[in-house]
Amino acid sequence: MSTAGLNPHSRIVSGMRPTGHLHLGHWEGVLKNWIELQKHHECYFFVADWHALTTHYQDSRGLEANTFDLVMEWLAVGVDPDRATLFVQSWVPEHAELHLLLSMLTPLGWLERVPTYKEQQQELKDRELDTYGFLGYPVLMSADVLLYRAGGVPVGQDQVAHLEVAREIARRFNFLYGRGEAFDALLRSAHEHMGSKQSHRLIGWAKQYRESGASELLNRIAHTLAEDSRLDPEERAALFAEARGSGREILPEPEALLTRASRLPGTDGRKMSKSYDNAIALRDDRDVVTRKIRTMATDPARVRRSDPGEPDRCPVWKYHEAFSTEETRQWVETGCRTAGIGCLDCKNRLLEGMLHELEPVWGRLHRLQADPDAVREVLASGSERARIKARETLGEVRNALGLARPT
Ligand code: SF4
């Protein structure tokens with residue numbers, strides 16, 4: 001995942017649906033990123049239980065148990081409640097209010113054109129997804145991240161379009177409600193301070209940018225404003241917002257932190273998925289993991305022990321990349337390509353590295369299973385902390401909309 005360019009003070013928000021036990025692909029592809037992010041950023045990680053309802057509303061029975069199981073697994077792999085705020089989406093009802101308010105200004109076309117909307121309806125044909133909630137999922141996701149004024153949101157390639165909706169919604173909100181009298185007065189004084197020549201030039205570039213969306217124009221505007229010593233920082237920010245067709249930044253636009261898909265394939269070489277029955281669950285015990293690795297598919301061209309193999313064609317190699325030392329990986333590359341090692345030798349060596357990483361995770365899982373109140377406590381206090389931040393943003397949003405409440 002690239003965090004280059006992300007302000008070190010940026011807040012990170014990320015969620016997971018509680019739809020069953022995690023597998024090693026989740027650990028490797030998502031949770032290891034979270035563990036890195038929590039070291040350097042203020043992080044909010046949440047169980048997206050309302051999101052689960054957008055596709056699983058017909059059977060919600062396992063939702064509560066899955067929520068606790070999921071958080072147990074987060075804690076077991078090292079997500080740290082002293083560094084990150086861990087909470088449950090439905091325990092912070094401010095998500096629902098912001099979702100409602102944002103839905104008022106979100107054009108239907110933005111939601112209908114999200115590529116996954118039609119794709120998932122096709123994929124999940126056994127479920128009736130012709131629902132308001134399913135179409136509005138990107139608005140709920142927008143509320144989730146905008147509520148905490150997230151600077152960065154880790155997303156897979158398939159979620160980039162959802163985050164783009166969140167950015168568009170924030171921009172539209174700021175344009176509609178961030179342009180009060182004070183903002184307009186600030187703009188007037190900024191244009192005066194720049195002088196008419198520079199002001200006209202800027203207005204022209206901004207118009208072209210809004211028509212074409214060309215990012216080089218926006219860069220040119222940002223550079224010009226930064227160089228203009230006649231402006232103060234507030235005036236620069238207001239002019240930049242105006243150029244982008246926005247207003248005062250009530251809801252900042254979050255950046256996408258693109259994460260690569262997990263390297264780990266399923267035991268049959270296809271994408272790891274519970275529905276293919278090829279996953280290695282985080283909770284699988286030593287014997288099950290050993291059996292699954294030992295029976296795992298290998299390079300299909302390596303039929304006999306004496307045939308040389310090619311690690312790049314072999315699913316087992318992907319696991320070595322994730323769990324083995326450099327020394328072991330070199331041993332595999334040489335031994336496989338020269339037929340100097342057999343696949344069982346290779347898998348046994350992989351198991352050494354995997355079990356070394358998994359044993360402490362299982363130990364923590366067992367301790368948490370014996371003390372479910374500890375998980376409940378983490379979520380209760382995390383949700384309370386999240387609510388404080390959420391109420392702040394929602395207060396500003398209500399004020400901007402003219403919905404301020406008496407205190
Ligand atoms: S030796 Fe290892 S990397 Fe090579 S084909 Fe066998 S299992 Fe795969």
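This is a short tour of a predicted model, from the whole chain down to the shell around its ligand.

**Stop 1: the whole chain.** Start by showing the chain as a cartoon. Its C-alpha trace spans about 80 × 45 × 40 Å along the principal axes. As you turn the view, you can look for 18 helices and five strands. The chain has 407 residues, and 35% of them count as buried. Now think about contacts between residues with a separation of 6 or more: 79% of these join residues 24 or more positions apart.

**Stop 2: the domains.** Next, give each domain its own colour. For domain 1, select 11-176, 252-262 and 372-401 together, as the domain assignment lists these three segments for it. Domain 2 is 179-243, and domain 3 is 284-369. With domain 1 and domain 2 both coloured, consider how they are placed: their C-alpha centres lie 34 Å apart.

**Stop 3: the ligand.** Now select the ligand and the residues around it. The shell holds 14 residues, and those that come nearest are G309, C314, C336, C343 and C346. Show these five as sticks to see them beside the ligand.

Which elements give two or more residues to this shell? They are α15 (315-323), α16 (326-337) and α17 (343-369), so you can select each range in turn. Pause on α17, which provides the largest share, three residues.

**Stop 4: the character of the shell.** Finally, colour the shell by residue type. Nine of its residues are nonpolar, two are polar and three are charged.

Notes. Residues numbered from 1 in each chain as written. Predicted model: local features only at pLDDT ≥ 70, side-chain atom pairs only at ≥ 80, totals over all residues. Near = placed C-beta within 6 Å. Helix = DSSP H or I, 4+ residues; strand = E, 2+ residues; numbered from the N terminus. Nonpolar A, V, L, I, M, F, W, Y, C, P; charged D, E, K, R; others polar. Buried ≥ 20, exposed ≤ 12 C-beta atoms within 10 Å, placed from the backbone. Contact = placed C-beta atoms within 7 Å. Domains from an automatic or database assignment.
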